[in-house]
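User: I should like to learn how to read burial, helix faces and sheet order in a structure. Could we work through one case together?

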Amino acid sequence: MQDILLEMKNITKEFPSVKALSGVSLTVRKGTVHALMGENGAGKSTLMKCLFGIYSEDSGEIYLEGKRVKFSNPADALENGVAMVHQELNQALKRSVSDNIWLGRYPTRFGITLEGKMYSETKKIFEELDIKVDPRTIMSTMSVSDRQMVEIAKAVSYNAKVIVLDEPTSSLNEREVEHLFRIINKLRDNGCGIIYISHKMEEILRISDDVTIMRDGKHIATEKASELTMDRIIKLMVGRELTERFPPKHNKVGDVALKVEDLSARYANVDGVSFEVREGEVVGIAGLGGSGRTEVLETIFGLLTKKSGKLTLKGKVITNKNPREAIANGFAMLTEERRATGIFGILDITENTVISNLSRYRLAGLFLNKRKMHKDTEWSIGAMRIKTPNKNTKIRSLSGGNQQKVILGRWLLTEPEVLLLDEPTRGIDVGAKYEIYQLILELAEKGKSVIMVSSEMPELMGVCDRILVMSGGRLAGEVKLGEDGRSGGDIQEEIMSLAAKYV
Ligand SMILES: Nc1ncnc2c1ncn2[C@@H]1O[C@H](COP(=O)(O)OP(=O)(O)OP(=O)(O)O)[C@@H](O)[C@H]1O
Ligand SMILES: [Mg+2]
């Protein structure tokens, strides 16, 4: 067939303790979006890293436009028309946007870097893609989503024929996702092949032409997106029918635990926010990207500087000036950008699990209770079905979703009075989400309070007792759940209209 752009045949890849890929094949047609789906640890990123020259496959063949290729490194892949945007951004944060785009291939004349050309070329690509970022901006000052866009622009700047996007939308808001989809459609019209990895079912069905599903390092099926349904994808991914998406709720809401009064942030979009959270209650925070939903959590936790506001925990006024103080006061927070703030890549899973609450494991003096550490780590691995050879595996070698689970387990183990969760199931597959919801609800059943920010409305409606809606940095209103007579659709509509109140 002449319209085949990329063919990967029988790719096998074994790591010291895991067979990550066993004979996986993938065929991408010209001018199409090919989705790659599968549970955390199924082998999606590994397959793409073999294509991109990061890993060398043990066996198998790769053909690009009919020609056999084997890239020895990413630079080689880029030069030959294959680009990849990674699941975990890996950028030079102290450098500018255009530095990041041209790193390793600066336009030069007589050995001198042509700054002006770099700037104008970057600007041209940004204009073409409608990205509103000044190429001179220093990366560290930008939001995760803007940095993601820079990464995508970089792939485009290589005029790649095949572009791999590994969970590109996990940190994008609704508007940015639409923007990305416009870019993808443009690339598709130009004849590119896009390989799109995501756990977001709705997106997959909307944007892709073909869908390949993997499970445990094997190819399970490739089908036309138009012939697939969500239920069928889940069944192929998980290998069984998933009847319930949310666990039953048994938490009992008690007295007021945390009182937040007139909370404002000095340098962020949080303006006079007041609310209460009760013992045993799970409160959701909804809102559009940029509404201040993340910032509310960060201000409570002391990550952002308060301008005003009063926090009272069980009748006692507290300040939470910084995260250390917040943790001492019984708070824990799972941040949105876990790679920067949560993962200790060179440590193993046990160390990453226990690091936030070493005092829990302290015996006499400086000795740590190794047995308890290992027991807790095993709980974490079991409760969230973390896919790993053993608990001494370096966290860096886990799949993206499994890294997330380790970090979440760490915070759950601290048994905080108030648990703050920012997008707790981002990057986590459908099957494992259920387990995470269950753990959140178990914490509530023990009388603890949970506040969770999520951009997935079904998730908020399935797990929370009520939902606060943020809009333009202010609290726009509250939506009660569990009242009879209202459908999910009605509730979603109410949330949406509140979210638009101050924008
Ligand atoms: N460098 C490595 N060393 C050892 N094992 C690895 C390495 N990279 C990946 N693995 C293992 O290979 C398997 C597949 O991982 P991969 O990252 O490809 O999963 P994935 O499908 O991308 O999952 P996710 O949805 O969580 O991102 C996992 O069991 C993972 O732990
Ligand atoms: Mg991955």
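Analyst: Let us begin with burial. A residue is buried if 20 or more other C-beta atoms lie within 10 Å of its own. The model before us is predicted.

User: Why does Ala444 count as buried?

Analyst: Ala444 has 25 C-beta neighbours inside 10 Å, and it therefore counts as buried. This residue is found in helix H15, which covers residues 430-445.

User: Which residues does Ala444 touch, leaving aside those up to four places away in sequence?

Analyst: Ala444 touches Asn251, Gly280, Glu281, Val282 and Val450. As for separation, Ala444 and Phe246 are 198 residues apart in sequence, and their C-alpha atoms are 15 Å apart in space.

User: How does one read the length of helix H6?

Analyst: The expected span is 1.5 Å times one less than the number of residues. For the 16 residues of H6 (residues 174-189) this gives 22 Å, and the end C-alpha atoms are 23 Å apart, which agrees.

User: Which residues of H6 are buried, and which are exposed on the other side?

Analyst: Leu180, Ile183, Ile184 and Leu187 are the buried residues of H6. They lie on the same side of H6, because they cover an arc of only 100 degrees around the axis. Glu174, Arg175, Glu178, Arg182 and Asp189 are exposed on the other side of H6. The buried residues of H6 pack against several elements, including strand S3 (32-37), helix H4 (115-129) and helix H5 (144-157). Just after H6, Gly191 adopts a positive phi of about 95 degrees.

User: What does the corresponding reading give for H13?

Analyst: Helix H13 has 14 residues (370-383) and reaches 20 Å from its first C-alpha to its last, close to the 20 Å expected. Its buried residues are Asp376, Thr377, Ser380 and Ile381. Because these cover an arc of only 140 degrees around the axis, they fall on the same side of H13. Arg371, Lys375 and Gly382 are exposed on the other side of H13. The buried residues of H13 pack against helix H12 (349-354) and helix H14 (400-413).

User: What is the strand order in the open sheet of six strands?

Analyst: The order is S18-S19-S20-S15-S21-S22, with mixed pairing. Strands S18 (331-334) and S22 (474-480) stand at the edges with a single partner strand each, so one side of each lacks a neighbour in the sheet. Neighbouring strands of this sheet are turned by 20 degrees against each other on average, direction ignored.

User: In what sense do S19 and S20 pair?

Analyst: Strand S19 (residues 418-422) and strand S20 (residues 449-453) pair in the parallel sense over five bridges. The bridge partner of Leu421 in S20 is Met452.

Terms used: Residues are numbered from 1 along each chain as its sequence is written. Chains are lettered from A and ligands numbered from 1 in the order in which they are written. This is a predicted model: local features need pLDDT of at least 70, side-chain atom pairs count only at pLDDT 80 or more; totals for chains, interfaces and linings use all residues. Helices (H or I, at least four residues) and strands (E, at least two) are DSSP runs, numbered from the N terminus. A residue is buried if 20 or more other C-beta atoms lie within 10 Å of its own, exposed if 12 or fewer, and partly exposed in between; C-beta atoms are placed from the backbone. The arc is that of the directions from the helix axis to the C-beta atoms. Two residues are in contact if their C-beta atoms, placed from the backbone, lie within 7 Å. Two strands pair if DSSP finds at least two bridges between them. Axes are lines fitted to C-alpha atoms, for helices over the stretch in contact, and angles run from 0 to 180 degrees between N-to-C directions.
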